[in-house]
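Please take a moment with the sequence and the model below before reading on. The paragraphs that follow go from the overall build to particular pairs of residues.

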Amino acid sequence: MKKTKAILLSLIALVCTIPAIAQQDAAAQKLLAEVSKKYDSYQTIQASFSFSVVQAANKNGYSDAGTLYLDKKNNRYHITMKNQELISDAKSLYTILKDEKEVQIAEIENSNDAIDPSNIFSFYKTGFKYRLIANEKSGTTLLNVVELTALDTKKNYSKIKLRINSSTKLIHDATIYDKNGGQYNYTIKSQNPNKTLDNTLFTFNKGKYNGYEIVDLR
């Protein structure tokens, strides 16, 4: 009898917990739905961005900037930055390290663990609990702020702050806070949707990288 009672109490506790886990902030949910609707209507995006990282043990940090060419329809992208380029043809990822004169080739991993310019417009769609917090400003631009926490507690980040332009419903920036105290920020400086992108952007041309070591990790 005691065993049965304990099982029933456990079941009641579980049932009472499920709605709390599944529940989302309705205002945040509505805002993210509007953001998704806008980006889902785009076939391609060309965007300029800046990137910065501050590790807990290194207050000087690191910063870079670049351009993203995203072919959403065919799941391809090309990212150019000062010291490296990334080219994805949907099957393989080519990472071009300019200082080292090296090209690393790897298979595409369908993982949501990494958040980078290639998925910044869609990473928030699944796997997160979110809530709307106080608005902020960047200059004169009013930003709606959504705080996201991963449903999978094994993720290496503790939370993500997504800031959205309140008038355009476009993503302004995303800040990832890792569990070691580091912060990674991507700021979208400009966005040009549905622009015709040359197919050569998403094809690795070995001839452009004479003298580079090719490391095939596939």
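**A walk through the model**

Lys169 is partly exposed, with a relative accessible area of 22%, and this residue is a useful starting point in what is a predicted model. Lys169 forms a salt bridge with Glu34, and the closest N and O atoms of the two are 3.9 Å apart, which falls inside the 4 Å limit that is used for such a pair. The two partners come from distant parts of the chain, since Lys169 sits in the loop between strand S9 (157-165) and strand S10 (171-178), whereas Glu34 belongs to helix H2 (residues 26-40), and 135 residues separate them. Glu34 is likewise partly exposed, at 30% relative accessibility.

To place these elements, it helps to step back to the whole chain. The protein chain holds two helices and 12 strands, and read from the N terminus the order of its elements is α-α-β-β-β-β-β-β-β-β-β-β-β-β. Of its 218 residues, 38% are buried, while the surface that the chain exposes comes to about 13,200 Å², with carbon and sulfur atoms supplying 52% of that area. Among contacts with a separation of 6 or more, 49% are between residues that lie 24 or more positions apart.

What number of salt bridges does a search of the whole structure find? The search finds 10 salt bridges, and the pair described above is one of several that can be followed here. Side chains of opposite charge can pair when their charged atoms come close. Helix H2 takes part in another of these pairs through Asp40, which forms a salt bridge with Lys125, the closest N and O atoms being 2.6 Å apart. This pair, too, links distant parts of the chain, for Lys125 lies in the loop between strand S6 (102-107) and strand S7 (128-138), and Asp40 in helix H2 is 85 residues away. Both partners count as partly exposed, Lys125 at 40% relative accessibility and Asp40 with a relative accessible area of 47%.

A further salt bridge joins strand to strand, where the side chains of Glu136 and Arg163 meet with an N to O distance of 2.8 Å. Because Glu136 lies in strand S7 and Arg163 in strand S9, the pair ties together parts that are 27 residues apart in sequence. Is each of these two residues buried or partly exposed? Glu136 counts as partly exposed at 26% relative accessibility, whereas Arg163, with a relative accessible area of 14%, is buried, because the cut-off for burial is under 20%. The pair also belongs to a wider arrangement, a network of salt bridges that links Glu136, Lys161, Arg163 and Asp173.

Strand S7, which carries Glu136, leads on to its partner S8. S7 and strand S8 (residues 141-150) run antiparallel and are joined by nine bridges, and within this pairing Leu132 stands opposite Val146 in S8. The two strands form a hairpin with two residues between them, and Gly139 in the turn has a positive phi of about 65°.

The last stop is a pocket, the second largest, which has a volume of about 170 Å³. It is lined by 10 residues, of which Asn156, Tyr157, Ile176, Asp178 and Tyr184 are the closest to its centre. The elements that give two or more residues to this lining are S10 and strand S11 (183-193), and S10 is also the strand that follows the loop of Lys169, where this account began.

Definitions and conventions
Residues are numbered from 1 along each chain as its sequence is written. This is a predicted model: local features need pLDDT of at least 70, side-chain atom pairs count only at pLDDT 80 or more; totals for chains, interfaces and linings use all residues. Side-chain values use heavy atoms; hydrogens and water are left out. Helices (H or I, at least four residues) and strands (E, at least two) are DSSP runs, numbered from the N terminus. Buried means under 20% relative accessible area, exposed over 50%, partly exposed in between (1.4 Å probe, protein chains only). Contact means heavy atoms within 4.5 Å. Accessible areas come from the Shrake-Rupley method with a 1.4 Å probe; for residues, only the protein chains shown count as cover. Two strands pair if DSSP finds at least two bridges between them. On a 1 Å grid over the protein atoms alone, a cavity is a set of points where a 1.4 Å probe fits but cannot get out, and a pocket is an open set with protein on both sides within 12 Å along at least five of seven lines; lining residues have an atom within 4 Å of a point. Grid points are joined across faces, edges and corners, and a volume is the space filled by probe spheres set on the points.
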